[in-house]
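Subject: Structure for you to look at, with notes

Dear colleague,

I am handing over the structure we spoke about, and below it you will find my notes on what was found in it. Please read them with the coordinates open beside you.

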Amino acid sequence: AIVMGYAESLRGQLRNDADALAEIEHIADAGRRGANLSKSLLSFGRTSKSQSHEIFNARAMSVDLPVLLKPLLGPAHKLEIESASEPLWVNGDHDLLLQCLVNLVVNARDAMPGGGKVVVSFATEPAGSDRIKRAGLPVARDFVRIQATDNGSGMSRQTLEKIFDPFFTTKEVGKGTGLGLALLFSFVKNHQGHVDVQSEVGKG
């Protein structure tokens with residue numbers, strides 16, 4: 001409420017400055033997403049279920065992500081987006097999915113302290129594919145597949161076994177909540193999906 005209130009106040013004071021208004025709109029958008037995320041986190045803490053559902057095109061996130069992540073990545077980190085040509089319709093929580101993807105890319109950034117590249121791809125996983133069969137998902141349905149790849153430090157087998165545990169983090173005290181990947185895992189499961197992770201030390 002404080003962020004959005006001050007953003008609205010600034011919008012009135014700087015209404016003749018187009019560049020400032022564009023930046024203020026990003027602040028207001030972040031405030032709205034923060035409000036929705038707070039609701040989702042409260043829901044996660046109580047029932048681990050997202051409460052907001054709408055039908056949206058996940059492919060549009062390929063446009064939103066670079067804008068959101070540009071100030072977080074810096075010049076040493078490159079974000080590459082690979083997007084499907086067709087719409088990717090999802091019935092679910094738009095803001096929470098977007099926040100999950102931001103968390104995922106920020107985690108990848110933190111695993112590449114010297115810089116590197118993160119590739120995020122949006123595609124359709126066709127009904128009956130080997131991936132769907134291995135995941136134990138309904139084989140008669142198409143799924144939206146979102147994949148993130150980095151060339152960072154990678155993870156040991158012991159770390160892989162814990163990354164979706166709430167409050168587990170490998171970061172220093174004060175630099176990680178341990179909720180980012182737990183929230184992602186809960187989101188995917190509550191949307192009848194599957195999470196697959198492949199990582200080795202030194203191989204991203």
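Read from the N terminus, the elements of the protein follow the order α-α-β-α-β-β-α-β-α-β-α-α, which gives 7 helices and 5 strands. Please keep in mind throughout that this is a predicted model. Of the 204 residues in the protein, 33% are buried, and among the contacts with a separation of 6 or more, 70% are between residues 24 or more positions apart.

Helix packing

I would begin with helix α4 (residues 94-110), which packs against helix α3 (residues 61-73) at an angle of about 45°, the two axes lying 10 Å apart. An angle of that value falls outside the ranges for roughly parallel, roughly perpendicular and roughly antiparallel, and α3 and α4 are therefore oblique to each other. The crossing of α3 with α4 is right-handed. On the α3 side the contact is made by M61, D64, L65, L68, L69, L72 and L73, and on the α4 side by H94, L97, L98, L101, V102, V105, V106 and R109. Sorted by class, the residues of this contact comprise 12 nonpolar, 1 polar and 2 charged.

Helix α4 also packs against helix α7 (residues 180-190), here at an angle of about 140° and with the axes 9 Å apart. That angle, too, makes α4 oblique to α7, given that only angles over 145 degrees count as roughly antiparallel. In this case α4 passes α7 in a left-handed crossing. The residues that meet are L96, L97, C100, N103, L104 and N107 from α4, and G180, L181, L183, L184 and F187 from α7. This contact of α4 with α7 divides into 8 nonpolar and 3 polar residues, with no charged residue among them. You may like to look at L97 in particular, since this residue of α4 appears in the contact with α3 and again in the contact with α7.

Salt bridges

Side chains of opposite charge can pair when their charged atoms come close. The structure holds 9 salt bridges, and I describe some of them here.

In the pair formed by E8 and R11, the side chains meet with an N to O distance of 2.4 Å. E8 and R11 both belong to helix α1 (residues 2-13), and because they are 3 residues apart there, about one helical turn separates them. E8 counts as partly exposed, at 48% relative accessibility, and R11 is likewise classed as partly exposed, at 22%. This pair does not stand alone, for E8, R11, E25, D29 and R32 are linked in a network of salt bridges.

The salt bridge between K117 and E80 has an N to O distance of 3.4 Å. Here K117 lies in strand β4 (residues 116-125) and E80 in strand β2 (residues 77-83), so the pair ties together parts that are 37 residues apart in sequence. K117 is partly exposed, with a relative accessibility of 34%, and E80 is partly exposed as well, at 25%.

A further salt bridge joins E200 to K203, whose closest N and O atoms are 3.6 Å apart. In this pair E200 is partly exposed, at 47% relative accessibility, whereas K203 is exposed, with a relative accessible area of 62%.

Two further lysines

Strand β2 also contains K78. Although K78 and V118 are 40 residues apart in sequence, their C-alpha atoms are 6.3 Å apart in space. When residues up to four places away in sequence are not counted, K78 touches G116, K117 and V118, so that K117, the partner of E80 in the salt bridge described above, is also in contact with K78.

The other lysine is K133, which is found in helix α5 (residues 130-135). K133 is exposed, with a relative accessible area of 51%, a value to be read against the cut-off of over 50% for that class. Leaving aside neighbours within four places in sequence, K133 is in contact with G128 and V139.

With best regards

Definitions and conventions
Residues are numbered from 1 along each chain as its sequence is written. This is a predicted model: local features need pLDDT of at least 70, side-chain atom pairs count only at pLDDT 80 or more; totals for chains, interfaces and linings use all residues. Side-chain values use heavy atoms; hydrogens and water are left out. A salt bridge is a side-chain nitrogen of Lys or Arg within 4 Å of a carboxyl oxygen of Asp or Glu. Helices (H or I, at least four residues) and strands (E, at least two) are DSSP runs, numbered from the N terminus. Buried means under 20% relative accessible area, exposed over 50%, partly exposed in between (1.4 Å probe, protein chains only). Axes are lines fitted to C-alpha atoms, for helices over the stretch in contact, and angles run from 0 to 180 degrees between N-to-C directions. Angles under 35 degrees count as roughly parallel, over 145 as roughly antiparallel, 65 to 115 as roughly perpendicular and the rest as oblique. A crossing is left-handed if the near helix is turned anticlockwise from the far one by less than a right angle, and right-handed if clockwise. Contact means heavy atoms within 4.5 Å. Ala, Val, Leu, Ile, Met, Phe, Trp, Tyr, Cys and Pro count as nonpolar, Asp, Glu, Lys and Arg as charged, and the others, Gly among them, as polar.
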